[in-house]
There are 4 protein chains.
Amino acid sequence: MSLPSYQPANPDFAERCRKSFAAQSFMGHIGASIDVVEPGYCEVHLPVRGNLKQQHGYVHGGVMATIADSAAGFAAFSLFDANSAPLTVEYKLNILRPGEGERMVAKARVIKPGRTLTIVQADVYGVTDDAETLCVTSLQTLMRLEGKKDAT
Amino acid sequence: MSLPSYQPANPDFAERCRKSFAAQSFMGHIGASIDVVEPGYCEVHLPVRGNLKQQHGYVHGGVMATIADSAAGFAAFSLFDANSAPLTVEYKLNILRPGEGERMVAKARVIKPGRTLTIVQADVYGVTDDAETLCVTSLQTLMRLEGKKDAT
Amino acid sequence: MSLPSYQPANPDFAERCRKSFAAQSFMGHIGASIDVVEPGYCEVHLPVRGNLKQQHGYVHGGVMATIADSAAGFAAFSLFDANSAPLTVEYKLNILRPGEGERMVAKARVIKPGRTLTIVQADVYGVTDDAETLCVTSLQTLMRLEGKKDAT
Amino acid sequence: MSLPSYQPANPDFAERCRKSFAAQSFMGHIGASIDVVEPGYCEVHLPVRGNLKQQHGYVHGGVMATIADSAAGFAAFSLFDANSAPLTVEYKLNILRPGEGERMVAKARVIKPGRTLTIVQADVYGVTDDAETLCVTSLQTLMRLEGKKDAT
């Protein structure tokens, strides 16, 4: 499906997303950073380190879920006004291939914005040099909480 | 629904699950431990620390997903023979309440074992003293990989 | 998990659910009926007929999804006030066994009611005489639409 | 994500899909037809009739789930060899907008083929004249059953 282009309700959306991301201690604990924020779109990058693995030496599924969840939240957040914050309602993800690469990159795009609910599609890629391999695909539902200033 | 009781295919299933869990570096990185392993059932416990949070001070959704995923994997693994290992195919989770408590506890039970696929239901509770609050519920699909000795 | 007992906001909830069910032409087209409605709980029954099958002679997965969806909607609806109607946001289902039996029975229970969102767990059983076999399990998210009188 | 082009294992895949579709009595009962079958891709079309509705006059969610499920099954089936048949393991769908239009069209594409499991993304559109509106998006897991000749 082709996606519409979105108009952000808050001109400072990118700054706001970056501040909120920085306030998530768990993102720092795993070493993730928010690399791209555009209206309805977000990328979270994560260098692969030894303490992010499962028993076969691949990146743990929970790590991939975490950055997919985070990227989806900020893709939604980028479209919110300054008095609203996102809440993850639910998601489903498929692990298509084991997580491996120099870094993992989660790419999330809003496929249906809404007053109450925003639906986001998020993929996670293993990246080595410039070669990307799709490892996880997910479909997520976020709720807009009004009168909630988030961490900022 | 009421669940059947299961007969483990491998009498050393508990030892095998604990060894595999210990080989997951990410479990150590977040501080999780495998507390209970019974045939078709597993509990993963996680003390709540400051570096596991999202921007509002609650436990990050990715942390809850991680321990739900891990508990589900070992619930399935507990029923496998000694030459098989589990692979998470996919899951869906709902975040019912924000994650908070002294510790988070994931409880996973097999609802349908199978030769190829095993279906597991996993919940995550926030626990303070002895009071449990259900925070996450999930439904997961695992595949049995034959001729795979896991980490052990 | 054990479920709380619920207090209906509308004393006429059962009558209201039955009227709304009767207004769904597709339920009539497949021959489904709403058999039990209690606060936060609903059962939809469906006699198995020849025109509900897939290519191997089992009940079509779409039929099982349909009655799971319907039962979940009315389990949520049973807790709503007289000015609200349910909307299915999303669900995930696992087909655990092929659908077969004299009739299919969907049983749905609210696991988390809420002002905006209600989370429901719904199973579908194949039933012959009094023997039930679990065929489908699902996890569903419903939204409450305020100021919406439904079909009644 | 961009999708690869697929080589069918069975040159008669389209004929085989159409025969199997024709053997699903439930597709006839709702009036659906298989309109396009290409390697890893399938479209199922459904004229909207009065007996496919829910209580607000929109197409019932179960109807949209049914054609999404069916299209996904045949998108997977199109890549199988002549001795294998598809089984729906699980899916998750989001209803993005109410189902309405002259006809509903489900479009499914394989995003990850595999020896055992095939992952399919399927959308359902409401179509009036040539205008398409996305109503449902879904993510599905199918299993290949070997030594199973399907209905044909």
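Here is a walk through how the two chains of this predicted model sit against each other.

Let's start with the overall arrangement. Any two copies of a chain are related by a rotation about an axis and a shift along it. Here, a turn of 180 degrees with a shift of 0.0 Å along the axis lays chain A on chain B, and the RMSD is 0.0 Å. The two copies are therefore related as by a two-fold rotation axis. They also use the same surface to meet: 100% of the contact residues of chain A recur in chain B.

Now for the contact itself. On each side, 31 residues take part: 31 from chain A are in contact with 31 from chain B. Which elements of chain A each supply at least two residues of the side that touches chain B? They are helix 2 (25-30), helix 3 (61-77) and strand 3 (84-95). Strand 3 of chain A gives the largest share, with eight residues. If you sort the residues on chain A's side by character, you get 16 polar, 10 nonpolar and five charged.

Strand 3 deserves another look. Strand 3 of chain A and strand 3 of chain B (residues 84-95) run antiparallel, and five bridges join them. Follow that pairing to A:Lys92 and you'll find that its bridge partner in strand 3 of chain B is B:Lys92. So where does the rotation axis come in? Among the residues of chain A, A:Lys92 is the one that comes closest to the axis, with its C-alpha at 1.9 Å.

Conventions: Residues numbered from 1 in each chain as written. Chains lettered and ligands numbered in written order. Predicted model: local features only at pLDDT ≥ 70, side-chain atom pairs only at ≥ 80, totals over all residues. Least-squares fit on C-alpha atoms with pLDDT ≥ 70 in both. Contact = placed C-beta atoms within 7 Å. Helix = DSSP H or I, 4+ residues; strand = E, 2+ residues; numbered from the N terminus. Nonpolar A, V, L, I, M, F, W, Y, C, P; charged D, E, K, R; others polar. Pairing = 2+ DSSP bridges.
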